Amino acid sequence: MPRVTFTSQLQRFTETPEVDTGAATLRAALAAAFELNPRLRHYVLDEQGHLRQHVVVFVGGRRVVDRVALSDALAPDDKVYVLQALTGG
């Protein structure tokens, strides 16, 4: 069963539960986490429901491809990691 994990940077702002879900897509997996903590959605997704610019998600060790529809498929043993991307120069 896929597991969604959020990095500690987000824990400074809101509760970030680890979620085991039977979701088949990234969008459905994130929805399961947002169901446990609706405030988390605002930190991960923008007003259009797309990944925020400074959020990166890895599924099974690879960076997600679809940042808009969040349609990346999940395998039953995938680990989903949600983190804030670092920027700067």
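Val-57 has contacts well beyond its sequence neighbours: leaving aside residues within four places in sequence, Val-57 touches Leu-26, Leu-51, Arg-62, Arg-63, Val-64, Val-80, Tyr-81 and Val-82. Val-57 is also one of the residues with the most contacts inside the largest nonpolar core, along with Phe-6, Leu-30, Val-44 and Val-82. That core has 22 residues. Several elements build it: β1, α2 (26-36), α3 (40-44), β3 (55-59) and β5 each supply at least two of its residues. The largest share, five residues, comes from α2. In soluble globular proteins, nonpolar side chains tend to be buried together.

The model is predicted, and confidence should be kept in mind when reading it. The chain averages a pLDDT of 91, and 96% of the residues score at least 70. Confidence is highest in β4, at a mean of 96, and lowest in helix α1 (residues 8-11), at a mean of 80.

Next come the charged side chains. How many salt bridges does a search of the whole structure find? The search finds three. One of them joins Glu-18 and Arg-3, with N and O 3.0 Å apart. Glu-18 lies in the loop between α1 and β2 (19-20), while Arg-3 lies in strand β1 (residues 3-6), so this pair ties together parts that are 15 residues apart in sequence. Arg-3 also forms a salt bridge with Asp-20, where the closest N and O atoms are 2.7 Å apart. Because Arg-3 belongs to strand β1 and Asp-20 to strand β2, this second pair ties together parts that are 17 residues apart in sequence. Arg-3, Glu-18 and Asp-20 are thus linked in a network of salt bridges.

The members of this network are partly exposed: Glu-18 has a relative accessibility of 47%, Arg-3 has 31% and Asp-20 has 41%. Another salt bridge pairs Glu-47 with Arg-52, their closest N and O atoms being 3.7 Å apart. Here the two partners fall into separate classes, since Glu-47 counts as exposed at 65% relative accessibility, whereas Arg-52 counts as partly exposed at 24%.

Asp-78 is another charged residue to examine. It is found in the loop between β4 (62-63) and β5 (79-84). Is Asp-78 buried or exposed? Asp-78 is buried, yet it has no salt bridge. The nearest side chain of opposite charge belongs to Arg-62, 4.3 Å away. A salt bridge requires the nitrogen and the carboxyl oxygen to be within 4 Å, so the distance of 4.3 Å between Asp-78 and Arg-62 does not qualify. What does the side chain of Asp-78 reach at 2.7 Å? It reaches the backbone nitrogen of Ala-75.

Other parts of the chain also meet Asp-78. Leaving aside neighbours within four places in sequence, Asp-78 is in contact with Met-1, Pro-2, Arg-3, Val-59, Gly-60, Arg-62 and Ala-73. Among them is Arg-3, a member of the salt-bridge network described above.

Ala-73, another of these contacts, is placed in the loop between β4 and β5. With neighbours within four places in sequence again left aside, Ala-73 is in contact with Ala-24, Val-59, Arg-62 and Asp-78. Val-59 and Arg-62 thus appear among the contacts of Ala-73 and also among those of Asp-78. Gln-9, by comparison, is 64 residues from Ala-73 in sequence and 25 Å away in space, C-alpha to C-alpha.

Technical notes
Residues numbered from 1 in each chain as written. Heavy atoms only, no water. Helix = DSSP H or I, 4+ residues; strand = E, 2+ residues; numbered from the N terminus. Buried < 20%, exposed > 50% of the residue type's maximum accessible area, 1.4 Å probe, protein only. Lys, Arg positive; Asp, Glu negative; His and termini not counted. Polar contact = N/O pair within 3.5 Å; in protein donor to acceptor, adjacent residues only side chain to side chain. Contact = heavy atoms within 4.5 Å. pLDDT = per-residue confidence, 0-100. Core = buried A, V, L, I, M, F, W, Y, C linked by side-chain atoms within 4.5 Å.
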